Amino acid sequence: MIRGVVFDFNGTLARLTSWGMPHQDVFVRHGLPEAGLRWGDRNDAGPADGEVHLAPSRSREEYHRWELDRLSARARRCGVPEDRLAALVADLDRETKTFTMARYDDVLGVLTELRRDYTIAVCSNWYWNLDEAIEQVGLAGVFETIVPSAQAGMRKPDPRIFRHTLRLCGLQPEEALYVGDLWVPDVEGPLAAGMRAIHLCRPDQAVVEDPPPLRPGVWRAADMAGVADLVGGLRC
């Protein structure tokens, strides 16, 4: 019997609508264009999917220090001199986390409906302040449990982050569904933790690819109404 539904956040419940300054532009602002070219045009400077970082996740301060240390190490490899490092890294960190998000239109009604009968939670690869992002999109107070990878000490698809979330929710793996938009973190990860999963494939996703074939214990939905229908059908 399904007693709980755990959701991914970005790409599932909300989407990014604006971003901070590109990293290469930050390097130019600091007078370091050559180092910026070596850095590359990717703004994603965080840990990789599946990465484990238990020690830094002991506190918000330790985690932020770890984030800055990672940025510093990469900037050094790109040739940034030590006397320019601290100001640049602080700027990179700030611009990485400067963004605006918007809730998908079909989310609030379905979550309101589901929480009448189920425990609902969020488990996402995210910075420490996932609760603030959830509040930004108007979903504060909706979830019983919110688990960002920064606080859990590991990132999806590591099955331990799902088990950690389930323990906080008081759920067994077979009692919960995970809903997310990415196949490896949001389907293979939950399956490895003993859960079942709904692969949410919104037609307006920024990157549209042919989804992998379904497997036992996995369903697919095009929107949150489809998620609600699947959850209801699996209740008994």
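This text walks through three helix pairs, one buried side chain, one loop residue and the cysteines of a predicted model.

Two packed helices are described by the angle between their axes and the distance between the axes. The pairs below are taken in that way.

Start with helix 3, residues 60–77, and helix 4, residues 82–96. Their axes lie 9 Å apart, and the packing angle is about 125 degrees. The two helices are therefore oblique to each other. Helix 3 passes helix 4 in a right-handed crossing. From helix 3, the residues that take part are His64, Glu67, Leu68, Leu71, Ser72, Ala75 and Arg76. They meet Glu82, Leu85, Leu88, Val89, Leu92 and Asp93 of helix 4. Sorted by class, this contact holds seven nonpolar, two polar and four charged residues.

Just before helix 3 in the chain is a loop that follows helix 2, and Ala48 sits in this loop. Is Ala48 buried, exposed or partly exposed? With a relative accessible area of 45%, Ala48 is partly exposed. Along the chain, 107 residues separate Ala48 from Arg155, yet their C-alpha atoms are 7.7 Å apart.

The next pair is helix 5, residues 107–114, and helix 10, residues 224–233. Their axes come within 9 Å and cross at roughly 15 degrees. That angle makes helix 5 roughly parallel to helix 10. The crossing of helix 5 past helix 10 is left-handed. On the side of helix 5, the contact uses Val107, Val110, Leu111, Glu113 and Leu114. On the side of helix 10, it uses Met224, Ala225, Ala228 and Val231. By class there are eight nonpolar residues, one charged residue and no polar ones.

The third pair is helix 8 and helix 9, the latter covering residues 183–192. Here the axes are 8 Å apart and the angle is about 70 degrees. Helix 8 and helix 9 are therefore roughly perpendicular to each other. Pro159, Phe162 and Arg163 of helix 8 make the contact with Pro185, Gly189, Pro190 and Ala192 of helix 9. Five of these residues are nonpolar, one is polar and one is charged.

Phe162 deserves a separate look. This residue belongs to helix 8, which spans residues 159–169. Phe162 counts as buried because its relative accessibility is 1%, and the cut-off for buried is under 20%. Which residues does Phe162 contact, leaving aside neighbours within four places in sequence? They are Cys123, Lys156, Pro157, Tyr178, Pro185, Gly189, Pro190, Ala193 and Met195. Two of these partners, Lys156 and Pro157, are joined by a cis peptide bond, with omega at about 10 degrees. Pro157 lies in the loop between helix 7 (149–152) and helix 8.

Another partner of Phe162 is Cys123, which leads to the cysteines. A disulfide is a covalent bond between the sulfur atoms of two cysteines. How many disulfides does a search of the whole structure find? The search finds zero. A pair of cysteine sulfur atoms must be within 2.5 Å to count as a disulfide. For Cys123, the closest cysteine sulfur is that of Cys169, at 9.2 Å, so the two are too far apart for a bond. Cys123 is also buried, with a relative accessible area of 0%. For Cys201, the closest cysteine sulfur is in Cys123, and at 19 Å this is again too far for a bond.

Notes: Residues numbered from 1 in each chain as written. Predicted model: local features only at pLDDT ≥ 70, side-chain atom pairs only at ≥ 80, totals over all residues. Heavy atoms only, no water. Buried < 20%, exposed > 50% of the residue type's maximum accessible area, 1.4 Å probe, protein only. Axes fitted to C-alpha atoms, helices over the stretch in contact; angles between N-to-C directions. Helix = DSSP H or I, 4+ residues; strand = E, 2+ residues; numbered from the N terminus. Parallel < 35°, antiparallel > 145°, perpendicular 65-115°, else oblique. Left-handed = near helix turned anticlockwise from the far one by under 90°. Contact = heavy atoms within 4.5 Å. Nonpolar A, V, L, I, M, F, W, Y, C, P; charged D, E, K, R; others polar.
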